[in-house]
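Trainee: Please walk me through this one slowly. I'd like to hear how each label is earned.

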Amino acid sequence: MSTTPSAAVRLPGDPPGGPRAMWVWGIGVAVYFVAITFRTSLGVAGIDAAHRFDINASALSSFSILQLLVYAGMQIPVGLLVDRWGTRRVLLLGILLFTAGQFGFALSSSYGTALAFRALLGCGDAMTFIAVLRLGARWFPARRGPVIAQVAALIGMSGNLVTTLVLARVLAAFGWTATFAGSAAGGLVVLLLVVFFLRDHPEGFEPPAVPKGGDGAPGPGFVRRQITAAWREPGTRAGMWVHFTCQFPGMVFLLLWGMPFLVQAQGLDKGTAGELLTLVVISNMCCGLVYGQVIARHHAARTPLVLGTVAATAAAWAATLAWPGQAPMWLLVLLCVVLGACGPGSMIGFDFSRPANPPERHGTASGIVNMGGFTASMTTLFAVGVLLDLTGDNFRIAFASVFVLQALGLVQFARLRGRAVRRERERIVASRVEAVHVPV
């Protein structure tokens, strides 16, 4: 049986885990949960937003595209900040930004102002997931990494369920301003938890200090060295392409184009379409638990899970788009279940980058990986919109763009995977030698 590197031996500097680790990590995950709730809150308020700001569908879609653009563009800077400042400071800044963005969005009366506050929310949201990944790596043994990462993503995804099941009803009952301003209180709650209880790492497990210059700032070339060193690792780049290839089909479907596809192309009513979107979220949460457990026990399962997720997604889309006329309900259900696996599949990218980089570079490497899926999502969001305009709302042609990006990602992953695995094996051998010769 193949296991993670640390399953066979306790590596030097491996954190202990335990109840306190669960408590501290849980606070970080709570921040991510609130961020996801704010991120997806517009998904149930699209019609209200169109009426409030008097905008058309194209202008409405710019909210989502801008949010993804800001999120993707912030990933490497956030990774560098996490490596330099630590988790706690970055999460505090992220909470302040996404809470201010949500509250400002509640009070906005013009499209331009609302767009600016949505961008501010996206900036704060971008600071949460990488920080939570680093928090897990600093508090738990390496062998728990896959499960910890998948569970964090699962709990974050449950924020989407809160938006769908709770926020939509609150919006209908109390209106725009009360709903969005009231939800901003969640940011204040997690802010207090982080201030008083969250710590970057257990006592005695401090990461190596960042080299500093005479003025106390990081030494010359710190940013360039961090990015260059992380990018040179085949595991970082392989992880980025895993994230690129797996995440975007589900993200695009949930974020914008799923509802129009199910209603306009498949003839479903909005209620049924909404239930299918909820099915994607539930499938995502279930697959996350399974993927994390499988990889934690069988490290070699990473590649089969990636290839299986991509193949299943491509097959489900091909069958749905090739079906004459409207697809039957069983096929749409199957498509949504498969799309739910896209998020957990993309998380495997971090299981390639994590063992490829030392702890002091995890934030930067995670930022590079996380850019992959969101870059693909932005590209597909734009491509589907353009193709729908050019073809007169032909969803078959528009969603064919999914296969192009999947093919690109698979080629790049296949090119890098072998080198990444070889480098990993070399590090496992070196770590075992160190564990034997260095007293613990």
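**How the labels are earned**

Mentor: Let's start with W23, which lies in helix α2 (residues 19-40). Helices here are DSSP runs of H or I with at least four residues (strands are runs of E with at least two), numbered from the N terminus. Keep in mind that this is a predicted model: local features need pLDDT of at least 70, side-chain atom pairs count only at pLDDT 80 or more, and totals for chains, interfaces and linings use all residues. Residues are numbered from 1 along each chain as its sequence is written, and side-chain values use heavy atoms, with hydrogens and water left out.

Trainee: What does W23 count as: buried, partly exposed or exposed?

Mentor: Buried means under 20% relative accessible area, exposed means over 50%, and partly exposed is in between (1.4 Å probe, protein chains only). W23 has 45% relative accessibility, so it counts as partly exposed.

Trainee: Which residues join W23 in a nonpolar patch?

Mentor: L192, V195, F196 and F197 do, and together the patch has about 520 Å² of accessible area. That area comes from the Shrake-Rupley method with a 1.4 Å probe, where for residues only the protein chains shown count as cover. Patch members need over 30% relative accessible area and no salt bridge; nonpolar side chains (Val, Leu, Ile, Met, Phe, Trp, Tyr) are joined within 5 Å, like charges within 9 Å. Helix α10 (residues 185-197) gives the largest share, four residues.

Trainee: How do you know that R39 and D125 form a salt bridge?

Mentor: The rule is a side-chain nitrogen of Lys or Arg within 4 Å of a carboxyl oxygen of Asp or Glu. For R39 and D125, the closest N and O atoms are 2.6 Å apart, and they do form a salt bridge. R39 is in helix α2 and D125 in helix α6 (residues 111-125), so the pair ties together parts 86 residues apart in sequence. At 13% relative accessibility R39 counts as buried, and so does D125, at 1%.

Trainee: How many salt bridges are there in total?

Mentor: Seven. One of them joins R361 to E233, with the closest N and O atoms 3.9 Å apart. R361 sits in the loop between α16 (342-353) and α17 (362-391), and E233 in the loop between α11 (222-232) and α12 (234-265), so parts 128 residues apart in sequence are tied together.

Trainee: What makes E233, R361 and R423 a network?

Mentor: Salt bridges link them. E233 also pairs with R423, the closest N and O atoms being 2.7 Å apart. That links distant parts of the chain, since R423 is in helix α19 (residues 401-437), 190 residues from E233. E233 has 6% relative accessibility, so it counts as buried, while R423, at 34%, is partly exposed.

Trainee: Why is M285 called buried?

Mentor: Its relative accessible area is 18%, so M285 is buried. M285 lies in helix α13 (residues 270-297) and touches L154, M157, S158 and L161, not counting residues up to four places away in sequence. A contact means heavy atoms within 4.5 Å.

Trainee: What is the mean pLDDT of the chain?

Mentor: pLDDT is the predictor's confidence in each residue, from 0 to 100. The mean is 86, and 90% of the residues reach 70 or more. Over residues 1-12, though, the pLDDT is below 50, and this stretch has 31 contacts in the model beyond near neighbours in sequence. Residues 432-440 are also below 50, with six such contacts. Where pLDDT is low, the predicted coordinates should not be read in detail.
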